[in-house]
Amino acid sequence: MKKLVLLAILGTVATASVWSWKRTSEPVATDNRLFADRIWIDHIPRNERDTINLFAAISDQSIGVFQATSQWRGGFEAFRYEANAGDLRILYPQTGDREKARVKARRCEEGGMDFCLEIDGASRGVKRYYSREGWEIGAAHDLDALEAAVKQRVEALRTQLTPAS
């Protein structure tokens with residue numbers, strides 16, 4: 001399970017690094033800040049073959065990722081976005097597909113999670129995701145800083161998920 005979460009986070013890092021390299025100087029418009037700069041999953045994996053869905057959006061680069069992954073197999077699709085008061089305009093550069101979605105992020109206490117995210121109108125991913133305190137993605141402007149931040153969060157997650165002996 002730890003490897004699965006690590007792989008999902010590393011997929012997010014890989015996507016962010018590619019977009020950082022290709023980044024243009026487009027303005028970022030975000031009003032619903034809780035949905036961005038945070039790792040979201042649909043559930044804690046039950047075993048190494050359990051597929052989880054992951055969502056992440058990086059506000060300072062206006063990119064995001066939908067990912068479905070287990071410890072052994074996974075796939076992702078990255079996107080560009082513009083956000084305005086909970087409305088997202090999404091562009092999937094690989095296919096050229098465009099869509100509008102609505103995000104609603106809030107504090108909650110469901111399934112041991114601290115935050116809930118509902119996404120309506122997106123053709124990728126699932127409708128509902130969850131996150132915890134400490135799963136924030138910092139404002140890293142280079143790959144080394146982003147990787148260091150992810151490693152720190154993975155270690156904190158390992159500590160939280162490892163049962164006491």
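A disulfide is a pair of cysteine sulfur atoms within 2.5 Å, and the structure described here, which is a predicted model, holds one such link. The disulfide joins Cys108 to Cys116, with an S to S distance of 2.0 Å, and the link of Cys108 and Cys116 is right-handed, with 85 degrees about the S-S bond. Cys108 is buried, its relative accessible area being 8%, and Cys116 likewise counts as buried, at 1% relative accessibility.

The chain that carries this disulfide contains two helices and eight strands, which follow one another along the sequence in the pattern α-β-β-β-β-β-β-β-β-α. Of its 165 residues, 46% count as buried. The chain exposes about 9100 Å², of which carbon and sulfur atoms supply 51%. When contacts between residues at least 6 apart in sequence are considered, 46% of them join residues at least 24 apart.

In soluble globular proteins, nonpolar side chains tend to be buried together. In the present model, the largest nonpolar core has 20 residues, and those with the most contacts inside this core are Phe35, Phe55, Phe66, Tyr81, Leu88, Leu117 and Ile119. The elements that give two or more residues to this core are strand 2 (52-58), strand 4 (74-84), strand 5, strand 6 and strand 7. A second core, separate from the largest one, has 14 residues and includes Leu54, Ile63, Val65 and Cys108, the last of these being a partner in the disulfide with Cys116. For Ile119, when its neighbours within four places in sequence are left aside, the residues in contact are Phe55, Phe66, Ala101, Arg102, Val103, Val126, Lys127 and Tyr129.

Aromatic side chains were examined next. A pair of aromatic rings is described by the distance of the centres and the angle of the planes. The structure holds seven aromatic pairs, among them that of Phe35 and Tyr81, which is edge-to-face, with 5.8 Å from centre to centre and 70 degrees between the planes. Phe35 lies in the loop between helix 1 (2-22) and strand 1 (39-41), whereas Tyr81 lies in strand 4, so the pair ties together parts that are 46 residues apart in sequence. Phe35 counts as buried at 1% relative accessibility, and Tyr81 counts as buried at 4%. Phe35 and Tyr81 also belong to one aromatic cluster, which is formed together with Phe55, Phe66, Phe79, Tyr92 and Tyr129. Of the members of this cluster, Tyr129 is in contact with Ile119, as are Phe55 and Phe66.

Charged side chains were then considered. Side chains of opposite charge can pair when their charged atoms come close. With a salt bridge taken as a side-chain nitrogen of Lys or Arg within 4 Å of a carboxyl oxygen of Asp or Glu, the count comes to 10 salt bridges. In one of these, the side chains of Asp50 and Arg46 meet at 3.4 Å from N to O. The two partners differ in their exposure, because Asp50 counts as buried at 11% relative accessibility, whereas Arg46, at 64%, counts as exposed.

Another salt bridge is formed by Arg102 with Asp87, the closest N and O atoms being 2.8 Å apart. This pair links distant parts of the chain, since Arg102 is in strand 6 (residues 97-107) and Asp87 in strand 5 (residues 87-92), 15 residues apart. Arg102 counts as partly exposed at 42% relative accessibility, and Asp87 counts as partly exposed at 39%. Arg102 is also one of the residues in contact with Ile119.

A further salt bridge brings together the side chains of Glu110 and Arg128, at 3.6 Å from N to O. Here too, distant parts of the chain are linked: Glu110 is in the loop between strand 6 and strand 7 (115-120), and Arg128 is in strand 8 (residues 128-131), 18 residues apart. Glu110 counts as partly exposed at 29% relative accessibility, and Arg128 counts as partly exposed at 27%. Glu110 and Arg128 are linked with Arg106 and Glu118 in a network of salt bridges.

Note on methods
Residues numbered from 1 in each chain as written. Predicted model: local features only at pLDDT ≥ 70, side-chain atom pairs only at ≥ 80, totals over all residues. Heavy atoms only, no water. Buried < 20%, exposed > 50% of the residue type's maximum accessible area, 1.4 Å probe, protein only. Helix = DSSP H or I, 4+ residues; strand = E, 2+ residues; numbered from the N terminus. Contact = heavy atoms within 4.5 Å. Areas by Shrake-Rupley, 256 points an atom, 1.4 Å probe, with all protein chains shown as cover. Core = buried A, V, L, I, M, F, W, Y, C linked by side-chain atoms within 4.5 Å. Phe/Tyr/Trp six-rings, centres within 6.5 Å; stacked < 30°, edge-to-face > 60°.
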